[in-house]
Amino acid sequence: MSDKRSSLAQPPFNRSSSERMITERDLKILWISRTLTNMDYQCSEEILRLDRYDLEIEQKNFIKAQLLRRYRERRAPYQKLLESL
């Protein structure tokens with residue numbers, strides 16, 4: 001009976017504790033992913049807000065294009081960094 005209890009308390013895999021730790025590289029990837037997610041959310045919110053404004057279609061399209069251009073410019077360095085990791 002004690003053998004069953006001790007086997008339940010141990011993790012089901014046989015990795016050393018250093019293999020289960022989050023590395024600095026993992027933290028960088030998580031930080032960049034979170035930054036990109038925040039940028040995506042912010043841009044989508046701005047576009048949704050723009051759709052609610054009472055503007056001419058041409059004005060909305062122009063502003064939306066500017067928002068997307070700025071979004072892509074801001075996002076590109078983080079995307080490259082993520083791909084390099």
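The largest cavity here has a volume of about 60 Å³, and this is a predicted model, so keep in mind that you're looking at a computed structure. Searching the whole structure turns up one cavity of 30 Å³ or more. Two elements, helix 3 and helix 4, each give two or more residues to the lining of that largest cavity.

Which residues line the largest cavity? They are Met39, Gln42, Cys43, Glu46, Leu67, Arg70, Tyr71 and Arg74. Sorted by class, you get a mixed bag:

| Class in the lining of the largest cavity | Number of residues |
|---|---|
| nonpolar | four residues |
| polar | one residue |
| charged | three residues |

Now let's look at helix 3. It runs over residues 24–52, which makes 29 residues. From the first C-alpha to the last, helix 3 reaches 42 Å, close to the 42 Å expected at 1.5 Å a residue. Its buried residues are Ile32, Thr35, Leu36, Met39, Cys43, Glu46, Ile47 and Leu50. And what covers them? Part of that cover is helix 4, residues 57–84.

Next up is Arg75, which you'll find in helix 4. Leaving aside residues up to four places away in sequence, Arg75 touches Leu36, Met39 and Asp40. With Asp40 there's a bit extra: the two side chains make a polar contact at 2.8 Å.

Met39 is a good residue to find on your screen, as it pops up in several places. Met39 is one of the buried residues of helix 3, it helps line the largest cavity, and it is touched by Arg75.

Note on methods:
Residues numbered from 1 in each chain as written. Predicted model: local features only at pLDDT ≥ 70, side-chain atom pairs only at ≥ 80, totals over all residues. Heavy atoms only, no water. Helix = DSSP H or I, 4+ residues; strand = E, 2+ residues; numbered from the N terminus. Expected span 1.5 Å × (residues − 1). Buried < 20%, exposed > 50% of the residue type's maximum accessible area, 1.4 Å probe, protein only. Contact = heavy atoms within 4.5 Å. Polar contact = N/O pair within 3.5 Å; in protein donor to acceptor, adjacent residues only side chain to side chain. 1 Å grid on protein atoms, 1.4 Å probe; cavity = no way out; pocket = protein on both sides within 12 Å on 5 of 7 lines; lining within 4 Å. Points joined across faces, edges and corners; volume = space filled by probe spheres on them. Nonpolar A, V, L, I, M, F, W, Y, C, P; charged D, E, K, R; others polar.
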